[in-house]
Amino acid sequence: MRPFKYTNAKDVTAAAKMLAANPDAKFLAGGTNLLDLMKEDVEQPNELIDITRLALADIKLISSGTNKGGTSIGGLGKNTAAANHPLIRQNYPLLTQAILAGASGQIRNMATNGGNLLQRTRCSYFFDVAMPCNKREPGSGCGAMEGINRMHAIFGWSEKCVAVYPSDMAVALAALDAVVKVRNASGQERTILLADFHRLPGDTPEKDTNLSHGEIITAIELPKNNFADKSYYLKVRDRASYAFALVSVAAALEMNGNKIAQARIAMGGVAHKPWRAFQAEKMLVGKEATEANFRLAAEAEMADAKPLEHNKFKVELGNRSIVLALQMAINGGKS
Amino acid sequence: MEENESPQLTKDEKKLFEDLMPEDLNEILVHGVNRRHFLKLMTLAGGGMLAWQSAVAEQVLTRPFSALTSSDFSPANIENGVNLSFKVNGAAKKLMVDSRMTLLDTLRERLELTGSKKGCDHGQCGACTVIVDGRRVLSCLTLAASCEGRSVKTIEGIAQGNELHPIQSAFIKHDGFQCGFCTPGQICSAVAVMDEAKNGEVSCVTEDVRQTASPIKLSNEEISERMSGNLCRCGAYPNIVAAIQEVHSGKEVAQTWEFRG
């Protein structure tokens, strides 16, 4: 690992200032992804600003503003705490399931909610500094495009990058219309829709998100919704546990009699960001919650998939996963 | 042999280093066998040698050996030093660490607590699991500098004096290991899993996460899921699950193995 200066921030604005002052500095929160990448020499910060002790861990009801009645999750709270908080388990079980489908008990105890959103891809070409990777080293090429791309994207990729975004938590957050609150070095706050927080690779795959250097994630806000009774996070992976998704689906339904009033579907493991299946959602509204309707919606969504040489299986897997996740959701999480 | 102590090699030992590590011979003759030589010799020993060489190598390898002397860690030799005071197994520790030093390396290399194991060093195997402020974490992905004021419990602090923790006894009874390398991490993890279940924390395989029942009764499937961050290359998983289940349920679990006459 390269030498770096270790510093502590005394409050949130000071942290943002310290980061803004040094283009080669990084925040240290859970460290589970960052330290790993530093050991691999993929990340090379010359300063780590430890923000773990900042008071940004609260989970609470939002009492005013556009998301009144929703729940706010502190950016520096731990994943374990978020998954197990009564407000989350009762009102957003989809989020609890998604968080717990990711990583291991140890890692969830370390990883923070803001840090989870900022995870970098686990593309093996990104991790191997001897390989070309436009995300790690812009202009060096993409090793995965013609290489081993079984785990890679089927939606939204570019010639520059076919990597997928690894978080499970963010997939549920995308389905739940979450909003990310950030603060900059001047103390100004802004909000970014989770669905707009991560980027597609385009010509700048080195940029994972729309966060600016010098901004800190203070909270993630979940609007109030009526999905808690009918939601499900389905994760399909190579092992039963502790593996990244081949495909995952966060599904949530709100019924009006026997018709679907609202549907939310987001997919993981298929794109450079949590992939909201807007087409499928739209097709389901006003329809009955039948397997046939689920299948039509899934097929419409997956029709746009552009698989690579080794991940063609993800198209049919995506189809079936959407259908199964919706079935599990409508049955209150039971098959 | 203390590092920098004037070396006293036998004739055979000198010949061994001459044959196998000629480029290091001078240094060894002047300063003695240090940690790097030791590791190199280990590697060569693993590659297979002549019988006489093996016998001599065994002599060298089994000699008392102090890995690193305190002078290597004097503040002047530490880059980006961070002063750290924290508790390890109840005892207060104060030292200066390189900002890059992980908690795992600090425990093993500075505090001589080598129970926590360096398996993958990338957060994938769980062999380095320790308990920080009551929570199991990976010490290989934790910077020592970030542990200021924290309380760390390692495998060395799990037993009460000579009395083993019930999880430790159950691992022995159920043969929850083969080579033993993952065992310290498995045990630290299992001890923490007990508390997580007591607190009513749910997992990915919990039937209904909206239930508020606490404590949670763990099925074997729950135990496997919760322990999935601890890999065991020998595949002692069924025995590990049996050991944890016995302590968790308080009921005897049938051993999956027995002696046959």
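**Exercise 1.** Which strands of chain A does helix α1 (residues 12-21) lie across, and at about what angle does the helix run to β2(A)?

*Solution.* The model is predicted: local features need pLDDT of at least 70, side-chain atom pairs count only at pLDDT 80 or more, and totals for chains, interfaces and linings use all residues. Residues are numbered from 1 along each chain as its sequence is written, while chains are lettered from A and ligands numbered from 1 in the order in which they are written.

Step 1. Helices (H or I, at least four residues) and strands (E, at least two) are DSSP runs, numbered from the N terminus. Helix α1 of chain A lies across β1, β2 and β3 of chain A; contact requires C-beta atoms, placed from the backbone, within 7 Å.

Step 2. The helix α1(A) runs at about 150° to β2(A). Axes are lines fitted to C-alpha atoms, for helices over the stretch in contact, and angles run from 0 to 180 degrees between N-to-C directions.

**Exercise 2.** Determine the strand order of the sheet formed by β1, β2 and β3 of chain A, and identify its edges.

*Solution.* Step 1. The three strands make an open sheet in the order β1-β3-β2, with parallel pairing; two strands pair if DSSP finds at least two bridges between them.

Step 2. β1 (5-8) and β2 (25-28) of chain A each have a single partner strand, so one side of each lacks a neighbour in the sheet. From one strand to the next, the twist averages 30°.

Step 3. Four bridges link β2(A) with β3(A) (residues 47-50) in the parallel sense. Within this pair, L28(A) stands opposite D50(A).

**Exercise 3.** Describe the sheet of chain A that contains β9 to β12, and the helices that lie across its strands.

*Solution.* Step 1. The order is β9-β10-β11-β12 in an open sheet of four strands, and the pairing is antiparallel. At the edges stand β9 (231-237) and β12 (275-276) of chain A, each with a single partner strand.

Step 2. β11 (residues 259-268) and β12 of chain A run antiparallel and are joined by two bridges. R276(A) in β12(A) is the bridge partner of A266(A).

Step 3. α5(A) lies across β9 and β10 (245-256) of chain A at about 15° to β9(A). α13(A) lies across β9, β10 and β11 of chain A, at about 35° to β10(A).

**Exercise 4.** Characterise the packing of α12(A) against α13(A).

*Solution.* Step 1. The axes of α12 (residues 291-302) and α13 (residues 313-330) of chain A come within 9 Å and cross at roughly 145°.

Step 2. The crossing of α12(A) and α13(A) is right-handed, a term for a near helix turned clockwise from the far one by less than a right angle, left-handed being anticlockwise.

Step 3. Residues of α12(A) in the contact include F294(A), A298(A) and M302(A), and those of α13(A) include V315(A), I322(A) and L326(A).

**Exercise 5.** How many residues of chain A are in contact with chain B, and which elements contribute two or more?

*Solution.* Step 1. In chain A, 31 residues are in contact with 32 residues of chain B.

Step 2. The elements of chain A giving two or more residues to this side are β1, α2 (34-39), α4 (86-91), α5 (93-101) and α6 (105-110).
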